[in-house]
Amino acid sequence: MKKEKTVFVCQECGYSSPKWLGKCPSCGSWNSLVEEREIQERVRVSRKIVPKPIGDYIGESYERLKTGFLNLDQSLDGGLVPGQVLLLAGEPGIGKSTLLLQVCNFFSKLYGKTFYISGEESPTQISMRAKRLGVDSENLFVYPETNLEEIVYLLEEERPSLLVVDSIQTLFSSALQSSPGSVAQVRECAFRLSEICKEGDIPLLLVGQVNKEGVVAGPKVLEHIVDTVLYFEGERFSFYRLVKVVKNRFGAGGNVAVFKMSSSGLEEVPEPSAFFLQERVHSPGSVLFSHTEGSKPVILEVQALTIQALYTTPQRRTQGFDVNRLALILAVLEKEGKIFTRDKDVFVNIVGGIRVEEPAVDLAVAMAVASSVKDKKIEDVLVLGEVGLSGEVRSVHSVEERLKEGLRFGFRRAIVPKGCHVELQGMDVLPVKHIREAIDILL
Ligand code: TYD
Ligand code: MG
């Protein structure tokens with residue numbers, strides 16, 4: 001194939017050069033030049049798009065296509081939308097290919113021809129996995145292909161009802177010189193495929209590999225191109241997996257679907273709250289929290305352990321919670337709550353492998369630490385609230401929904417920020433303004 005002309009463009013200032021340079025001669029940025037296709041002339045679009053009044057769009061409703069997993073459909077606000085482009089990002093070995101093969105199997109039986117493009121595994125490997133998962137659909141077609149132009153050709157010839165690309169980092173366009181997985185390739189391939197799929201109303205699922213250090217070329221660049229970003233999380237050596245909707249142009253973001261990895265693939269966990277609480281041992285340092293970033297809250301257990309420090313600099317370790325945020329909470333606990341931890345090692349863990357980023361969990365973390373320091377149990381109380389630097393308890397969103405989820409599991413008491421106090425039948429809701437009040441009530 002004839003190579004198209006490419007240029008290297010500085011992502012900071014827009015300087016372009018025919019060759020790659022480590023340092024931009026124009027603005028002095030290092031490593032900022034990325035290969036792009038050169039635009040020869042302005043393309044005139046012949047397709048006529050007529051602007052419509054917004055009212056015409058409001059009436060439009062999307063058909064929602066099922067994935068075969070009820071919890072995943074719910075997290076996606078009902079299922080996949082024709083033409084929706086999704087990115088499933090996650091570390092290697094977490095179960096992305098497994099999940100997608102299961103989705104493909106279900107989808108192709110219901111909606112017809114489904115293409116699974118695999119650049120990572122050979123057909124033998126895929127067939128071995130398919131056997132294990134009981135994948136038997138006659139409408140599921142596997143293509144071991146990594147050339148973008150071949151895939152585009154295929155898509156133009158045949159219109160599948162779903163396209164899965166595992167993974168976007170393995171694809172390459174012959175028009176670019178850079179190697180597969182580079183920013184330029186990943187962006188070009190994702191862009192071309194999503195253009196075609198959008199036009200053909202084909203849902204497109206792209207797998208994005210993420211490594212231990214965080215992100216490689218790919219997912220971060222892709223987040224802007226795709227409609228929906230799903231993060232596949234979980235500890236590799238435990239059997240539960242979480243799919244978190246980080247961004248969604250077709251519904252709410254922040255929803256979580258919980259899965260269990262079994263010998264025959266992923267199974268959905270219909271009641272995540274029950275799942276997270278199932279091994280709970282009621283002891284000092286354990287506090288209940290109702291977490292939500294989307295539409296459905298889950299009840300989580302926050303655990304803290306404090307012990308006499310062995311070294312002069314005490315340790316602070318966390319899992320599922322920001323360690324710097326913990327340092328802040330410990331300072332507030334000392335100054336405003338007279339709970340001292342400077343001679344203690346402090347460990348905080350959000351049970352279940354889930355990462356909580358919302359500050360609404362602050363007060364629960366603070367109470368878990370206080371409970372461990374005092375070696376006193378905290379009864380079954382849901383604790384919600386963001387903690388400010390002067391020990392004030394700040395408002396959080398969706399308090400009612402969070403408490404209702406607690407009520408479903410038989411929890412009858414809750415501590416909430418004064419600013420968002422709600423009355424809820426069957427639950428004793430205690431408003432607090434300051435961290436000290438919470439300590440007085442609970443300990
Ligand atoms: P995989 O889907 O290959 O991960 P990814 O595509 O994200 O790299 O999943 C790999 C892991 O899942 C592997 O360690 C084995 C495990 N697994 C099961 O436990 N049960 C199963 O039925 C399958 C297919 C995989
Ligand atoms: Mg894989």
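**Lining of the largest cavity in the predicted model.** In this predicted model, the largest cavity is lined by Thr67, Leu72, Leu76, Leu80, Leu86, Leu88, Leu99, Leu100, Val103, Leu205 and Leu230, and the space inside amounts to about 60 Å³. Two or more lining residues come from each of strand S4 (85-90) and H3, with H3 giving the most, namely 3 residues. By class, the lining divides into 10 nonpolar residues and 1 polar residue, with no charged residue.

**Lining of the second largest cavity.** A search of the whole structure finds 2 cavities of 30 Å³ or more, and the second largest has a volume of about 30 Å³. Its lining consists of Gly254, Asn255, Val256, His291, Thr292, Glu293, Gly294, Ser295 and Lys296, a set that comprises 1 nonpolar, 6 polar and 2 charged residues. Both domain 2 (69-270) and domain 3 (275-442) contribute at least three residues to this lining.

**Residue shell around ligand 1.** Ligand 1 is surrounded by 16 residues, of which the closest are Gly93, Ser97, Thr98, Arg129 and Ser262. At least two residues of the shell are supplied by each of helix H3 (96-111), helix H4 (123-133) and strand S11 (256-262), and the shell as a whole divides into 4 nonpolar, 8 polar and 4 charged residues.

**Polar contacts and burial of ligand 1.** A backbone N or O atom of glycine 93 lies 2.6 Å from an oxygen atom of ligand 1, while a backbone N or O atom of serine 263 lies 3.1 Å from an oxygen atom of the ligand. For arginine 132, a polar side-chain atom is placed 3.2 Å from a nitrogen atom of ligand 1. Ligand 1 taken alone exposes 550 Å², and the protein buries 77% of that area.

Key
Residues are numbered from 1 along each chain as its sequence is written. Chains are lettered from A and ligands numbered from 1 in the order in which they are written. This is a predicted model: local features need pLDDT of at least 70, side-chain atom pairs count only at pLDDT 80 or more; totals for chains, interfaces and linings use all residues. Side-chain values use heavy atoms; hydrogens and water are left out. A residue is near a molecule or strand if one of its heavy atoms lies within 4 Å of it. A polar contact is a pair of N or O atoms within 3.5 Å; within protein, one must be able to donate a hydrogen and the other to accept it, and residues adjacent in sequence count only if both atoms are side-chain atoms. Accessible areas come from the Shrake-Rupley method with a 1.4 Å probe; for residues, only the protein chains shown count as cover. Helices (H or I, at least four residues) and strands (E, at least two) are DSSP runs, numbered from the N terminus. Ala, Val, Leu, Ile, Met, Phe, Trp, Tyr, Cys and Pro count as nonpolar, Asp, Glu, Lys and Arg as charged, and the others, Gly among them, as polar. On a 1 Å grid over the protein atoms alone, a cavity is a set of points where a 1.4 Å probe fits but cannot get out, and a pocket is an open set with protein on both sides within 12 Å along at least five of seven lines; lining residues have an atom within 4 Å of a point. Grid points are joined across faces, edges and corners, and a volume is the space filled by probe spheres set on the points. Domain bounds come from an automatic or database domain assignment.
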